[in-house]
Amino acid sequence: MNSLNTNSSVRNEEKRSSTNILDKEQEIPPNVTEVSDIKQVSEEKNSSKHGEKNLIAQMSSVKGEYENILATRVENQACNYARGKWVTNDSWPLYSGFGCKQWLSSMWACRLTQRKDFEYEKLRWQPKDCEMEDFTGSKFLRRMQNKTLAFIGDSLGRQQFQSLMCMITSGEERADVLDVGKEYGLVKARGAARPDGWAYRFTSTNTTILYYWSASLCGLEPLDMTNPTTDVAMHLDRPPAFLHHFLHKFDVLVLNTGHHWNRGKLKANRWVMYVGGVPNTNRKIADIAGAKNFTVHSIIEWVNSQLPKYPGLKAFYRSISPRHFFNGDWNTGGTCDNTTPLSGGKEVLQDEPSDHLAAGAVKGKQVKLLDITALSLLRDEGHKSRYSLKATPGAHDCLHWCLPGVPDTWNEILFAQL
């Protein structure tokens with residue numbers, strides 16, 4: 001397959017792999033702040049003919065430059081970043097898989113495992129009909145000065161968070177970055193393996209990047225606070241309490257959910273579906289697919305309803321990251337052994353998103369879709385696979401990605417829309 005031309009071709013690829021499945025900031029020249037400046041220049045009087053000619057030339061040049069900037073902004077706002085192709089770029093990756101130990105979990109740093117092929121690190125996404133600005137940490141921090149970006153979602157959201165931290169710092173140790181998790185209640189509880197998230201602040205620009213773990217994007221409430229093994233009310237129509245409490249502090253919000261929506265996960269977590277504050281009795285949303293659909297629509301509807309209160313907030317829902325288990329699933333011997341990049345094609349030509357649930361949920365809303373599904377579907381070689389930190393290979397992980405890797409592209413596309 002050389003490209004993904006239609007939704008049907010994406011579905012074929014999904015079947016084969018058994019998967020369930022931002023506006024370039026341009027600086028306006030300092031001599032042009034408004035269109036009225038051009039008018040003001042043209043109204044200035046100059047007694048000499050030479051001055052008049054210079055004035056006309058200056059006016060024409062300034063007007064042309066301003067119009068070019070406006071045209072570029074309109075182009076990027078209308079750009080479908082999900083449509084394009086993977087190309088080899090020798091300047092990639094943006095950080096080393098041997099480094100970034102301050103932010104990157106070693107289990108996702110495939111350079112530290114037995115893996116020997118790293119061609120996948122050199123691939124960069126190239127949108128078809130528009131330019132995507134090169135990412136640099138300094139540009140990102142300037143754009144996000146005095147702002148906070150929050151990732152809220154599952155472990156794939158955590159991967160995107162760690163990827164961004166590595167991209168901003170180029171994987172280098174940074175003494176000027178403060179751990180501000182306590183400001184958001186993100187501290188490790190007694191007996192817990194890790195906190196519910198992390199928050200870091202770049203003091204040079206007062207930029208905060210945080211991640212909060214919410215696999216379902218539901219409000220979760222223990223039914224008996226005194227019982228450590230109590231069932232947990234999974235409020236399908238309520239946002240996570242963390243999001244509700246801290247939304248006013250965020251300038252950019254990136255949400256995701258998806259792979260925890262199965263009976264095994266619900267049972268293991270003792271989650272019981274609630275709607276309207278009581279156990280769910282609606283058969284249409286009693287099954288997993290119906291409950292997930294209801295929740296995604298509910299959370300996006302709620303965030304959308306909050307945006308008028310916070311006009312500076314940009315909210316994104318990230319489409320699902322595809323799995324690539326072949327010849328089985330994660331618990332039935334499924335594998336992802338391919339190490340040849342783009343063996344299933346390198347191009348996405350379809351205009352419509354592959355994640356129909358996500359696309360439908362954001363339709364008509366101010367919440368934007370961060371559409372990464374189809375382009376990630378082409379990258380089955382980029383998963384962690386069987387490689388581990390131990391001397392011998394482990395179970396196949398065909399869900400999470402090697403870092404550096406595919407989530408870096410998700411952040412490039414996010415950056416282009418900030």
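The questions and answers below concern a predicted model.

Me: Which strands stand at the edges of the open sheet of seven strands?
Reply: The open sheet has the order 5-6-7-4-10-13-15, with mixed pairing. Strand 5 (177-179) and strand 15 (368-370) each have a single partner strand, so one side of each is left without a neighbour in the sheet. From one strand to the next the twist averages 20 degrees. The strands at the edges are therefore strand 5 and strand 15.

Me: Which residue is the bridge partner of Val177 in strand 6?
Reply: Strand 5 and strand 6 (residues 197-202) run antiparallel and are joined by three bridges. Within this pairing, the residue of strand 6 that partners Val177 is Phe202.

Me: At about what angle does helix 5 run to strand 7?
Reply: Helix 5 lies across strand 4 (148-153), strand 6, strand 7 (207-213), strand 10 (252-255), strand 13 and strand 15. Relative to strand 7, the helix runs at about 160 degrees.

Me: Which helix gives the largest share of the largest nonpolar core?
Reply: The largest nonpolar core has 52 residues, and those with the most contacts inside it are Phe140, Leu149, Phe151 and Ile209. Seven residues, the largest share of this core, come from helix 5 (residues 155-169). Phe151 touches residues including Gly157, Gln160, Phe161 and Leu164, as well as Ile209. The helix asked for is helix 5.

Me: Is Leu342 buried or exposed?
Reply: Leu342 sits in the loop between strand 13 (314-318) and strand 14 (347-348), and its phi is near 60 degrees, a positive value in a residue other than glycine. Leaving aside residues up to four places away in sequence, Leu342 touches Trp86, Leu123, Leu378, Arg379 and Glu381. Because buried means under 20% relative accessible area, the 19% relative accessibility of Leu342 makes this residue count as buried.

Me: How does Ser170 count at 39% relative accessibility?
Reply: The place of Ser170 is in the loop between helix 5 and strand 5, and its phi, near 55 degrees, is a positive value in a residue other than glycine. Most residues other than glycine have a negative phi. Since the range between 20% and 50% is called partly exposed, Ser170 at 39% counts as partly exposed.

Me: What distance in Å should helix 8 span?
Reply: Helix 8 (residues 288-306) has 19 residues, and its end C-alpha atoms are 27 Å apart. At its N-terminal end the helix is capped by Asp287, a side-chain oxygen of which lies 3.2 Å from the backbone nitrogen of Ala289. At 1.5 Å a residue, and counting one less than the number of residues, the expected span agrees with the distance between the ends, namely 27 Å.

Me: Which residue in strand 17 stands opposite Ser385?
Reply: Strand 16 (residues 383-385) and strand 17 run antiparallel and are joined by two bridges. Strand 17 (residues 397-401) is mostly covered, with five of its five residues buried. The residue in strand 17 that stands opposite Ser385 is Asp397.

Me: Which residue precedes Pro404 at a cis peptide bond?
Reply: Most peptide bonds are trans. Pro404 is found in the loop between strand 17 and helix 11 (406-415). The bond leading into Pro404 is cis, with omega near 0 degrees, and it comes from Leu403.

Key. Residues are numbered from 1 along each chain as its sequence is written. This is a predicted model: local features need pLDDT of at least 70, side-chain atom pairs count only at pLDDT 80 or more; totals for chains, interfaces and linings use all residues. Side-chain values use heavy atoms; hydrogens and water are left out. Helices (H or I, at least four residues) and strands (E, at least two) are DSSP runs, numbered from the N terminus. A polar contact is a pair of N or O atoms within 3.5 Å; within protein, one must be able to donate a hydrogen and the other to accept it, and residues adjacent in sequence count only if both atoms are side-chain atoms. Buried means under 20% relative accessible area, exposed over 50%, partly exposed in between (1.4 Å probe, protein chains only). Contact means heavy atoms within 4.5 Å. Two strands pair if DSSP finds at least two bridges between them. A nonpolar core is a set of buried Ala, Val, Leu, Ile, Met, Phe, Trp, Tyr and Cys residues joined through side-chain atoms within 4.5 Å. Axes are lines fitted to C-alpha atoms, for helices over the stretch in contact, and angles run from 0 to 180 degrees between N-to-C directions.
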